[in-house]
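This report describes a protein chain for a reader who is new to structural biology. It begins with the chain as a whole and then turns to individual strands and side chains.

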Amino acid sequence: MEKKEYPVVEKKKISPDKCVVTGKGSWYFPLADIYETADNFTVLIDMPGVGPENITVDMRDNELIVNGTVSQEAYANEKVIYNEYNIGHYHRHFVISDAINRDKIEAKMSDGVLSLVLPKAEHVKPRKIEVKAE
């Protein structure tokens with residue numbers, strides 16, 4: 001049987017020239033997927049090790065800012081023998097257009113994935129235009 005190796009997606013460390021992060025520890029740029037339906041955009045962000053109580057999602061001007069903190073205390077009494085998974089915090093921000101109804105943005109955390117649902121504003125939703133007879 002042939003042994004296959006699968007590529008590993010590594011966490012990308014935030015470089016100082018792209019973002020200013022003032023917190024202690026290592027900070028990472030989590031991977032995200034964005035999907036569109038007729039009514040919403042959904043953003044899925046990988047944030048393993050972050051509990052819902054350690055996530056902040058803020059809307060400032062036109063930016064949606066996501067921060068996640070991994071508690072380092074859980075690992076304080078452990079001696080690392082080997083690790084491929086770096087412990088650190090997450091930061092990501094997205095520019096939001098007027099096509100989003102900002103008052104109805106929702107966030108949910110499940111199994112290490114943050115799901116953000118961004119409802120479309122009424123003026124950009126698909127609609128049927130009635131054809132009238134003369």
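Of the 134 residues of the protein chain, 27% count as buried. The model is predicted, and local features are described where pLDDT is at least 70.

**Overall composition**

The protein chain contains 9 strands and 0 helices. Along the sequence, the pattern therefore reads β-β-β-β-β-β-β-β-β, where a strand is a DSSP run of at least two residues. Contacts between residues at least 6 apart in sequence can be sorted by separation: 56% of them join residues at least 24 apart.

**The four-stranded sheet**

An open sheet is formed by 4 strands in the order 3-4-9-8, with antiparallel pairing. Which strands stand at the edges of this sheet? They are strand 3, residues 32–36, and strand 8, residues 106–110. Each of these has a single partner strand, so one side of each is left without a neighbour in the sheet. On average, and with direction ignored, neighbouring strands of this sheet are turned by 15° against each other.

The connection between strand 3 and strand 4 is a hairpin of 3 residues. Strand 4 covers residues 40–46, and its antiparallel pairing with strand 3 extends over 5 bridges. Within this pair, Asp 33 stands opposite Leu 44 of strand 4, and Tyr 35 stands opposite Thr 42 of strand 4.

Strand 4 also runs antiparallel to strand 9, and 7 bridges join the two. Here Leu 44 stands opposite Ser 115 in strand 9. Leu 44 thus appears in two pairings, as it faces Asp 33 and also Ser 115. As a general principle, the side chains of a regular strand alternate between the two faces of the sheet.

**A residue in strand 9**

Ser 115 belongs to strand 9. Is this residue buried or exposed? Ser 115 has a relative accessible area of 17%, and it is classed as buried because the limit for that class is under 20%. Leaving aside residues up to four places away in sequence, Ser 115 touches Thr 42, Val 43, Leu 44, Glu 106, Ala 107 and Lys 108.

**Charged side chains**

Side chains of opposite charge can pair when their charged atoms come close. In this model the count comes to 4 salt bridges. The table presents some of them, including the N to O distance for each pair.

| Basic residue | Acidic residue | N to O distance |
|---|---|---|
| Lys 120 | Glu 36 | 2.6 Å |
| Arg 60 | Asp 58 | 3.6 Å |
| Arg 102 | Asp 98 | 3.6 Å |

The salt bridge between Glu 36 and Lys 120 links distant parts of the chain, since these residues are 84 residues apart. Glu 36 lies in strand 3, whereas Lys 120 lies in the segment after strand 9, which covers residues 113–119. The two partners also fall into separate accessibility classes. Glu 36 is exposed, with a relative accessible area of 53%, while Lys 120 is buried, at 7%.

Lys 120 takes part in a further arrangement, in which it lies over the face of Phe 41 at 5.1 Å from the ring centre. Lys 120 can therefore be placed in relation to two residues: Glu 36, through the salt bridge, and Phe 41, through its ring. By contrast, a search for aromatic pairs gives a count of 0.

In the salt bridge of Arg 102 with Asp 98, the arginine is partly exposed, with a relative accessible area of 26%, and Asp 98 is exposed, at 60%. Asp 58, the partner of Arg 60, counts as partly exposed at 27% relative accessibility.

Methods
Residues are numbered from 1 along each chain as its sequence is written. This is a predicted model: local features need pLDDT of at least 70, side-chain atom pairs count only at pLDDT 80 or more; totals for chains, interfaces and linings use all residues. Side-chain values use heavy atoms; hydrogens and water are left out. Two strands pair if DSSP finds at least two bridges between them. Axes are lines fitted to C-alpha atoms, for helices over the stretch in contact, and angles run from 0 to 180 degrees between N-to-C directions. A salt bridge is a side-chain nitrogen of Lys or Arg within 4 Å of a carboxyl oxygen of Asp or Glu. Buried means under 20% relative accessible area, exposed over 50%, partly exposed in between (1.4 Å probe, protein chains only). Rings of Phe, Tyr and Trp (its six-membered ring) pair if their centres lie within 6.5 Å; planes under 30 degrees apart count as stacked, over 60 as edge-to-face and the rest as tilted. A charge sits over a ring if NZ of Lys or CZ of Arg is within 6 Å of the ring centre and within 35 degrees of the ring normal. Contact means heavy atoms within 4.5 Å.
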